[in-house]
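Colleague: I should like to learn how to read the features of a model of this kind. May we go through them together, one at a time?

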Amino acid sequence: MSTEAEATLPTSDHTGHGTGTSYLDASSGLRNWLITLDHKRIGIMYLISVLLAFAAGGIFALLVRIELLSPGRTIMGAATYNQVFTLHGAIMVFLFIIPSVPAALGNFFLPIMLGAKDVAFPRLNLLSFYIYVVGAVMALASMVIGSVDTGWTFYTPYSSNSVVGSQNAVIWMTGAVFTLGFSSILTGVNFIATVHKMRAPGQTWRRLPLFIWAAYATSVIQVLATPVLAITLALLLMERAFGLGIFDPRIGGDPVLFQHFFWFYSHPAVYIMILPGMGVVSEIIATFSKREIFGYMFVAMSSVGLALVGFLVWGHHMFVSGQSEYATMVFSALTFLVAIPSGVKIFNWLGTLYGGAISLESPMLYGLAFIVLFSIGGLTGLFHATLSTGIFLHDTYFVVAHFHYVMVGGTVFAFFGGLHYWWPKMTGKMYEEGLAKWGFALFFIGFNMTFLTQFVLGSRGMPRRYYDYLPQFTGLHQFSSTGAFIIGIGILLIFVNLTRSLISGKKAPRNPWRSAGYEWMTPTPPPLENFKEVPVITRGPYDYHLATEAELSEN
Amino acid sequence: MSHEAHDKIDDGGVHPHIAPVKMYIAIFLGLIFFTVVTVAVGFVHLGPLNLLVAIVIATIKAALVVIFFMHLKDDAKFNALVFVGSLLFAGVFLVYTMNDTGHRGQIDPEQGVEVLPSTGEFAPGGPARPARSVAAEGHEGEPVTADVVLPEHAPQAH
Amino acid sequence: MDTANSHEHGAGHDDDHGESHGHGDHPKFLAHHFDTPLQQFDTAKLGMWLFLAQELLFFAGLFVAYGIYRNWYPDAFSWSSHQLDPIMGAINTVVLLFSSLTAALAVRSSQLGQKSKTSMWLVLTIICAFIFLVVKYFEYEHKFESGLLPGGHFHPHHLHVVRAMHGAAAAGIPDHSGTFFGIYFMMTGVHGLHVLIGIGVMIWILIRNNRGEFSAQYFTPVELVALYWHLVDLIWIYLFPLLYLID
């Protein structure tokens, strides 16, 4: 790109119109947004949707923590509690985390980073968004009808013949997840085709930003795993409707089979959730260290490796389900493989930081927090993979803490990091850095208060999914709940800060972080077709030594 | 954006390889032939081989369809990888799941303990297995067959 | 950077590519974000193969369920399979294979730009799809009448033996035969749904073909629907022996 700086940098002295206008100004009116085929606008619509889902899931999380302030009934009964934690899990997983980074940030930045004008199939992209909306509406309907109380995993026989709660709510919620799955599949198909076929001239596989590699690996999982979730839920719905006999033990079915089917999707789905976050962090670490990513190909391949290994380990969710010992041993051994690509990433990020010109702006804080929190989440995962400790810790708060460290400490921190990192490019506005740092600090402190405590609770035997507990856990639970409210305040502050920037924020420069990444080479906000001219890529996205002064300047 | 499948002409236009009608007819006749074979074999008593033969013939037919009707022969290599890769993952799904369902509740040799599938309780020292039909009787390590484990089987607790 | 002032460098945004295509020779069927028809064609085909990959994984769940229960309940599967009519199944197999042939020939005709021939082959394919569904309908009707229903609804009566049984299958109705029919109806039902969707899409492609939207330069939709249709055929190639021809 360096030799073509004139081609990619905005020179803004030509007359003409059309693709030079920012995508935000290209057309106006709600209708033009709703029928847009522009990947950037679809990304923004996804962003708004997932943030709404995040808010809803967060409210349910706070309700859970309020109930756990004291033993016994605090604000709700046991049945209601079951519904509340189920909704928290289902909304956060299916409506927020899975589409958060890929569908919102990925949609916006994947084509830009490739130097493409759009994703390969823009109509499919819009369709996938509307399928998401339909799924979200169905999930809402399930809440109106009466709530699901099966946990987000919909284990049979709770889901196939629940007598408590509303029977139909399960149908609506599983129908919603079924629908959301197709949205995810279509996004995956679109991204893979885009990465393969839409790269700008000179954009070789070795010059792909690591965010693209991560999104690509994620898409592979979305295409290969999500259909299994769809057929699982279809079987579940049919089981309820017609008594197929596949999951119902009374007529010869096997409820454990449902767990196999479910986790064949949902374990790889964990990597759908975490991989894009890792991609974001790679971008952030490089930009704020002003340094080439250490061991670029290793980081790229570890994304693909995680995606593939992720398919081989699902049985570690089923150590106490009555699964065969042979299967248990194989799954336990394979689970340790996951640590290798994860370790490669952590090691290479640290290698990048080492000797880098580090600046601690708010996105970088999220990036660094990711490394710390994901390491804790990842390493505690090994406790579960080890059979002897895994069976002891199974279904305790230790598990809850572990996956929150990965999902929240990992993905959500990366998501907010990415949001802060790319916010100026997306909206053309700068947020207030001081407030952003305060928001981060509260989120970070609150998060660790909430979930470090839960490691202790779990190792002492506090089981998950109970609304009641023994009196000796009271102090720890209250401390954990306090942390949850601090998270709430932190997130609120982040939202206020970002929203305020839209109204009164300073105009963002082209490249506020002085990054060498491709997406910063286009004007802010990007024009309708992303670049004023098709860029020719002549260097890698982290080649600070090859980038020109003009490219690394703010404007 | 290079395409080995569309060699020679590189003007950005689509120049597919057009196969003769004869080829399509020949493939179709081959498919019919294998259908007749598979039905015929279905009426012959082959025991466990029956499944194997059925799968092999079906796979030959599927390969004919994929390679010739779907033009994977002349297509980009990556498309073939997508197809074969998805079959591979389906295979992982099948094999791993059956590794569990075929071996439930069997002996844990390290502990010298056997689970009684009928009660889910531990049987110290590994006593004789509970009564099961002769057909299902197998030596150690043989899959526990349906009629022992599965009538009213709750998930076999350990 | 003042966005209001940013403008495009004329129409030459394709000029950086090896092959030079300005807006002038951007054909109507070529979407704005592609540079060449070949790029668009290859991208569309890759997208379709990826879609087929997810279809395979979707069906994989059913095949896994089939494998597990066949392993667990071999007698039930054997007995139940003998209640299905292999002749009906074989007829449907031939019908679907023939429809695959006509679909492939439709693609060939459209590659050559022969509009009316393409339509003819498409119509033949659609007719075959309908025949398949009609045969399926009669088979389903027979199952309903005989009470050969999934899982809990299984209550066999009025059975007439279609295929000679031997061994355990001849001894009487084994336990869990309902499970077989649960899987049978799921597999054939989901497959039938795909046939139905295929009919819908092919009718749409037929209409577009008659409108003259396709040519030797642009036949992508015909190619894609044929790929989908071959996959439907492919699934049936496995379903037929696995369901109808268990020993």
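Colleague: Leaving aside neighbours within four places in sequence, which residues is A:N511 in contact with?

Modeller: This is a predicted model, and contacts are judged from C-beta atoms placed from the backbone. Outside its own stretch of four places either way, A:N511 is in contact with A:W520, A:S553 and A:E554. The residue itself sits in the loop between β2 (506–507) and α17 (549–552) of chain A.

Colleague: Is A:N511 buried or exposed?

Modeller: The general idea is to count C-beta neighbours, and 20 or more within 10 Å make a residue buried. A:N511 has 25 other C-beta atoms within 10 Å, so this loop residue counts as buried. Separation along the chain is another matter: A:P471 is 40 residues from A:N511 in sequence, and their C-alpha atoms are separated by 55 Å.

Colleague: The loop between β2 and α17 holds further features, I believe. What is the phi of A:R514, and how is its exposure classed?

Modeller: Here one reads the sign of the backbone angle together with the residue type. A:R514 is a residue other than glycine, yet its phi is positive, near 55°. Its place is in the loop between β2 and α17 of chain A. With 17 other C-beta atoms within 10 Å, A:R514 is partly exposed.

Colleague: Where is A:K290 found, and what is its phi?

Modeller: A:K290 belongs to the loop between α8 (255–289) and α9 (296–309) of chain A. This residue is not a glycine, and its phi is positive at about 50°. A:K290 has 18 C-beta neighbours inside 10 Å and therefore counts as partly exposed.

Colleague: Which peptide bond leading to A:P525 or to A:P157 is cis?

Modeller: Omega is the angle to inspect. The bond from A:T524 to A:P525 is cis, with omega near -20°, and A:P525 lies in the loop between β2 and α17 of chain A. The bond from A:T156 to A:P157 is also cis, with omega near 0°; A:P157 is found in the loop between α5 (122–145) and α6 (167–197) of chain A.

Colleague: Let us turn to the nonpolar core. How many residues does the largest one have, and which have the most contacts inside it?

Modeller: In soluble globular proteins, nonpolar side chains tend to be buried together. The largest nonpolar core here has 282 residues, and those with the most contacts inside it are A:I91, A:I212, A:V228, C:L50, C:A53 and C:I183. Domain 1 (18–70) and domain 2 (76–101) of chain B both give residues to this core, so the core lies between these two domains. Taking A:I91 as an example, and not counting residues up to four places away in sequence, one finds that A:I91 touches A:A53, A:A56, A:G57, A:F60, A:F96 and A:A139.

Colleague: How should the contact between chain C and chain B be read, and how many residues take part?

Modeller: One counts the residues on each side, then asks which elements supply them. In this model, 48 residues of chain C are in contact with 48 residues of chain B. On the side of chain C, α1 (37–72), α3 (86–111) and α6 (220–244) each supply at least two residues. The largest share comes from α1(C), with 20 residues. By class, the side of chain C that touches chain B divides into 31 nonpolar, 11 polar and six charged residues.

Colleague: What is the make-up of chain C in helices and strands, and what is that of chain B?

Modeller: Chain C has six helices and zero strands, and buried residues make up 56% of its 247 residues. Chain B has four helices and two strands, running α-α-α-β-β-α from the N terminus on. Of the 158 residues of chain B, 28% count as buried.

Colleague: How does one read long-range contacts in these two chains?

Modeller: One takes contacts between residues at least 6 apart in sequence and asks what portion join residues at least 24 apart. The value is 76% in chain C and 49% in chain B.

Colleague: At what angle do α2 and α5 of chain C cross?

Modeller: A helix pair is described by the approach of the axes, the angle and the handedness. The axes of α2 (residues 74–81) and α5 (residues 177–210) of chain C come within 8 Å and cross at roughly 65°. The crossing is right-handed. C:A76, C:F77, C:W79 and C:S80 in α2(C) meet C:S177, C:T179, C:F180 and C:F181 in α5(C). This contact has five nonpolar, three polar and no charged residues.

Methods. Residues are numbered from 1 along each chain as its sequence is written. Chains are lettered from A and ligands numbered from 1 in the order in which they are written. This is a predicted model: local features need pLDDT of at least 70, side-chain atom pairs count only at pLDDT 80 or more; totals for chains, interfaces and linings use all residues. Two residues are in contact if their C-beta atoms, placed from the backbone, lie within 7 Å. Ala, Val, Leu, Ile, Met, Phe, Trp, Tyr, Cys and Pro count as nonpolar, Asp, Glu, Lys and Arg as charged, and the others, Gly among them, as polar. A nonpolar core is a set of buried Ala, Val, Leu, Ile, Met, Phe, Trp, Tyr and Cys residues joined through C-beta atoms within 7 Å. A residue is buried if 20 or more other C-beta atoms lie within 10 Å of its own, exposed if 12 or fewer, and partly exposed in between; C-beta atoms are placed from the backbone. Domain bounds come from an automatic or database domain assignment. Axes are lines fitted to C-alpha atoms, for helices over the stretch in contact, and angles run from 0 to 180 degrees between N-to-C directions. A crossing is left-handed if the near helix is turned anticlockwise from the far one by less than a right angle, and right-handed if clockwise.
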